[in-house]
Amino acid sequence: MKTLFTIIGVLVVAVLVIFFVSSRSADAPTEMATSSDAESSEELSGLEDGEYVVSSSDSTVEWQTEKPLVSGYADTGFIPIVDGAVTVEGGAITAAEITLNVADITATETPNTRFGVDRLTTHIRSDDFLEVETYPTATFSITNVTETEAGYGVTGDLTIKGVTNAITFPATAGMVDDEFVFDGATTIDRSLWNIRYGSDTFFDDLGDSVISDEVEISFHIVGQRQN
């Protein structure tokens, strides 16, 4: 009888081991999936000298802000690009300027299901936030670019609502085929550009209606070489 129990025990352990190994194998990414992911990412080559015109249709600028006292609350959207230009000399970015169409800033997601993205879009264009009738565009102009281990450190002047402040952020830049590609992200303090609505920098007793001063901005800029 003892021998029978021993055999049954061995069989149970063997089944459990097989099940565990099979489960781990199913969860693990395959070589094919990894190879596919690598092929889908853009491979950047070194910068090539020239003048590049920013493509408004191929480039994206996205924003996100939160209500810090409301768990999981984040509004997101995008800002269209009017135009822009980039100069590369000696394998380095020496000048760049981008104009953003703030008048057409759009919200794409909000947890506020009562009002939705259409009302949020109208609100952020209003005088409470960006005053787009008075300030329909914003500009970013690069003033300095330094190489880092991860890519580049970029400093430039961001002008919103007629107010200009310097910002610095990490970025990557290079060529994909014959196009200039520039990617990065930064977080700005909107209160520095006098965007006051819902800000506890300017108002007290807002409770959970307070909106973070921090606005996350990410961008993917594509430039086409001028002939």
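**Entry 1: lining by class.** I sorted the lining of the largest cavity by residue class and found 9 nonpolar residues, with no polar and no charged ones. I note here that I am working from a predicted model, and that the values are computed from it.

**Entry 2: which residues.** I then listed the lining by name: Val86, Ile93, Ala96, Ile98, Phe140, Ile142, Phe180, Phe182 and Ile221 border the largest cavity. When I assigned these residues to elements, β5 (92-101), β7 (137-147) and β10 (179-189) were the ones giving two or more residues to the lining. The largest share, 3 residues, comes from β5.

**Entry 3: number and volume.** I looked up how many cavities of 30 Å³ or more the structure holds, and there is 1. For the largest cavity I wrote down a volume of about 60 Å³.

**Entry 4: helix α3.** I turned next to α3, which spans residues 116-125, and checked which of its residues are buried; Leu120, Thr121 and Ile124 are. These three lie on the same side of α3, because they cover an arc of only 105° around the axis. On the other side of the helix I found Asp118, Arg119 and Thr122 exposed, where exposed stands for over 50% relative accessible area and buried for under 20%.

**Entry 5: what α3 packs against.** Which strands do the buried residues of α3 pack against? I traced their packing to β2 (60-66), β3 (74-78) and β6 (106-109), so my picture of the helix is of Leu120, Thr121 and Ile124 on one side of the axis, with Asp118, Arg119 and Thr122 on the other.

Key
Residues numbered from 1 in each chain as written. Predicted model: local features only at pLDDT ≥ 70, side-chain atom pairs only at ≥ 80, totals over all residues. Heavy atoms only, no water. 1 Å grid on protein atoms, 1.4 Å probe; cavity = no way out; pocket = protein on both sides within 12 Å on 5 of 7 lines; lining within 4 Å. Points joined across faces, edges and corners; volume = space filled by probe spheres on them. Helix = DSSP H or I, 4+ residues; strand = E, 2+ residues; numbered from the N terminus. Nonpolar A, V, L, I, M, F, W, Y, C, P; charged D, E, K, R; others polar. Buried < 20%, exposed > 50% of the residue type's maximum accessible area, 1.4 Å probe, protein only. Arc of directions from axis to C-beta. Contact = heavy atoms within 4.5 Å.
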